[in-house]
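Open the model in a viewer and keep the selection panel at hand. The stops below say what to select next and what is there.

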Amino acid sequence: MKKIFGFILLLFAFAHVGKLAAQTSTDTIPQVMDYSKAKDYEIGGVRVTGANFSDPTAIISIAGFRVGDRIRIPGGEIPRALKALYKLSLFTDIQIFKEKTIGDVIFLEISVVERPRLTTHSFKGVKKGTHDDLNEEVNKYLIKGGIVTEAIKASAAFGIEQYFIDKGYYDVDVKVDELADTTRINSVKLVFNIDRRTKVKIDDITFSGNTNIKDRKLRSLMKETRRKKRIFAGSKLIRAEYEGDKKKIITYYNKVGFRDARIVEDSIWRATEKDGSKGNLLIHMDIDEGSRYYFRNIIWKGNSIYATKDLDNVLGIKKGDVYNAEMLETRLRFSQDGRDVSSLYMDNGYLFFNVDPIEVAVASDSIDLELRIFEGPQASIDKVTIRGNDRTHEHVIRRELFTVPGEKFSRSDIIRSQRQIINLGYFNPENLGINTPVNPQRGTVDIEYTVEEKPSDQLELSAGWGGKGRGVIGTLGVAFNNFSARNIFNRDTWSPLPQGDGQRLSLRAQTNGRFFQSYNISFTEPWLGGKKPNSLTVAGFVSILSNGYNRNSEFYGKLTNGGVTVSLGTRLKVPDDNFVSSTALNLQVIKLQNYVFSSRGLFRTDEGETVSEGNFRNFSITQTIARTTINNPIFPQEGSRVQLSVQLTPPYSLFSKKDYGDLAPSERFKYLEYHKWKVAAEWYQTLVGKLVIKADAKFGFLGTYNDEIGIAPFERFQLGGDGLNNQQFGYFTGTEIISSRGYKPGDYENNQFKGSTTDINATPLYQKVTLELRYPLSLNPSSTIYAHMFAQGSNAWRKARDYNPFDMKRSVGAGLRVFLPMFGVLGFDYGIGFDKASATNKLSSLATFNIVLGFEPE
């Protein structure tokens, strides 16, 4: 018994020591629960370990543990907590331990291993120029400081692959390396290794089933999906653009009467090279053209305002015409030229008008249509509001509008008002908004114009110091195109000068030291009196040109020219309100003193007499008639501008009995007499997309009343060059300098004096015809940029009897224009003249480089 009792005591002692050891261990090491028996506990606390980036409180909340809640172990709470935390995709490993228990109170520990965080990424194998585009792709998936998973890496790599596939690199390979970032805890860097490989192009596009439309025509319709055989054209397959090209094919079929045409199936595959590798792409389309249909009977229903005959004339579709659903829709609604049935009604106030074309019969190859019209009541304009004009006063915009409250609604009046607002030049044409909320119950419509102001003032500034006694050389010119004279004494409106009334104030001073000085000023009030579009312009200028000698020297020579112009203009109503009439009174005095030094040509009569001395008075009246419908003054895309002007002086010699044939030029031309005619026409039309064609023709003729006096040596035309000197010397010396791309003034035989290409003599007759293709690179109002190609023909004549409109010197070339609101037009032209008498076969002798500064030359 003693032995048995001692053995029991020994077992009890070992058990007591083990219990103490277990208690000591559970204080420092989390314990794994015994799941053999379920037991309920009260949560006494929860601790999170391993969370460097994640919020422990958020982890506990997502796990669903709250102090004081009851939890069964084993039970559903622990698995649910693990599932919720794994669902976050923030951790690679999660464990929940029992930290300790006190009675039925349990303390838990959530141990997590966080996924690595991204610090940066980079690209290898591609040029730096593509990095910005690639960043846009991968930043859709990568977040700096965010977690990095295999799925995120795969998505980023897929985005890069798609970027290069869209550019034709179908075999691109992207691998992602994940590198530890030792500068931060648990952070990584991603490196995308990119191998673009060879671009995959389109070898051929073939068709079957197309019996009426040739393969070549169908390929030409696919503007974005092209074969590599085309010179200077890219060849790649972009799925979205390919689908668009397929729609263009069906659209074309519909236009030529095949309304049921469809692409049955299309196939795209890679050709197999001789070595077994994948080659370029091949595309094949199987087309079911269907039958070609024609319009047969077209019947109008519901028309009471306009007769059927009038509607037929507007529609312009006759029985037997090829069926074209697109043309039908255009003729019914919103044609670009306004020739549609909808415009006919809406211009008469029928805003609620609607027409539905219904195919009532399809027999064999013919279609009968019934055009069902709902005319509705006439709508009148209720309110006209203007928003966004933070500089221009509202009355300046409102007076240009053709939409007036109380009048009938008219679509063409809205279009015209839009054009008038754009032509003011104060607002961004790209952001001009027009909204027409309708009130059907009252039969009215509100018109809301939303404008965005843009800079319209211009500054011209240059300065320098010239040697050899020139002194200061420079130009200072400002043009305030939205000036306000009535607010000159209201300092609150100055920014930097009073503005907002639509007036134009221009000041310009130029000096070339003692050789040349010029000063001019002009002011225009476009709405004299404020009620009608009657404009008033007052302008004056003084220019002095000398040879730089001392005034007391016998060699001193000078030209002094001064003048004043007063002009009145008005908008006409007949033939239509696109016409403008302007009448100007011009008074000019030209004084010559030993003027034999100009490098730009002397004043000569047709007999070769040099006019170098005398005082000449030029009093004339100029009458101008112009019509303009262009939609944008900076970059016209459609419309035209036609101008006819005649400038007349009094016929002094008809009231005098002098024998002018015996008088010296200084006496014969003391009072200038002439009649001067000028015609200018421009036409613009959008060809496709943003590509615009411009046709331009100009003609000028200077005549005399009295053959004894002859044609005046002033007011002539000098053809050739870039036209930059027109503002500096042309207008000031009474000569109009007309630009001619590809030719200098001396390249025209009739400009030459006694065969000299440097001694230029202006002519009384010229003609110029130009054809341009223009494409805008930027239509941003702060910098409008466009490139152009041109073909031009021009010539000058001394005698009207020698005039031949088909005898022109030809040139072609290209150029660039940049319009900056502050500085005007900047650009250049590179022209190649084909008909230069002194040119060799070398391109350098045929080509001329012209600069454009401040304004577009004539």
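Helices (H or I, at least four residues) and strands (E, at least two) are DSSP runs, numbered from the N terminus. Residues are numbered from 1 along each chain as its sequence is written. The model is predicted, with local features needing pLDDT of at least 70 and side-chain atom pairs counting only at pLDDT 80 or more, while totals for chains, interfaces and linings use all residues; side-chain values use heavy atoms, without hydrogens and water.

**Whole chain**

Start with everything selected. The chain holds 15 helices and 37 strands. Of its 858 residues, 41% are buried, where buried means under 20% relative accessible area, exposed over 50%, and partly exposed in between (1.4 Å probe, protein chains only). The accessible surface is about 45,500 Å², 55% of it belonging to carbon and sulfur atoms; such areas come from the Shrake-Rupley method with a 1.4 Å probe, and for residues only the protein chains shown count as cover. Taking contacts (heavy atoms within 4.5 Å) between residues at least 6 apart in sequence, 61% join residues at least 24 apart.

**Alanine 325**

Select alanine 325, in helix α9 (residues 325–332). Alanine 325 has a relative accessible area of 35%, so it counts as partly exposed. Add lysine 255: the two are 70 residues apart in sequence, yet 6.8 Å apart C-alpha to C-alpha.

**Helix α12**

Next, select residues 411–423, which form helix α12. How far apart are its end C-alpha atoms? They are 19 Å apart, which agrees with the 18 Å that 13 residues should span at 1.5 Å a residue; the expected span is 1.5 Å times one less than the number of residues. Show the side chains of the buried residues: Arg411, Ile414, Arg416, Ser417, Arg419, Gln420, Ile421 and Ile422. These pack against α10 (341–346), α11 (394–398), β15 (433–435), β17 (444–450), β23 (558–571) and β25 (614–628). After α12 comes glycine 425, with a positive phi near 85 degrees.

**Second largest pocket**

Keep α12 visible and turn to the second largest pocket, with a volume of about 1,000 Å³. On a 1 Å grid over the protein atoms alone, a pocket is an open set of points with protein on both sides within 12 Å along at least five of seven lines, a cavity is a set where a 1.4 Å probe fits but cannot get out, and lining residues have an atom within 4 Å of a point. Grid points are joined across faces, edges and corners, and a volume is the space filled by probe spheres set on the points.

The pocket has 27 lining residues, with Gln336, Ile415, Arg419, Asn631 and Glu638 nearest its centre. The elements giving two or more residues to this lining are α12 and β27 (675–688). The largest share, seven residues, comes from α12. By type, the lining has six nonpolar, 13 polar and eight charged residues; Ala, Val, Leu, Ile, Met, Phe, Trp, Tyr, Cys and Pro count as nonpolar, Asp, Glu, Lys and Arg as charged, and the others, Gly among them, as polar.

**Proline 636**

Select proline 636, in the loop between β25 and β26 (639–648). Its relative accessibility is 2%, so proline 636 counts as buried. Beyond neighbours within four places in sequence, proline 636 contacts Ile630, Asn631, Tyr684, Val692 and Arg774. Tyrosine 684 is 48 residues away along the chain, with 6.6 Å between the two C-alpha atoms.

**Second largest cavity**

The whole structure has three cavities of 30 Å³ or more. For the second largest, of about 90 Å³, select the lining, which includes Pro429, Lys454, Phe635, Leu779 and Phe819. That lining divides into six nonpolar, four polar and two charged residues.
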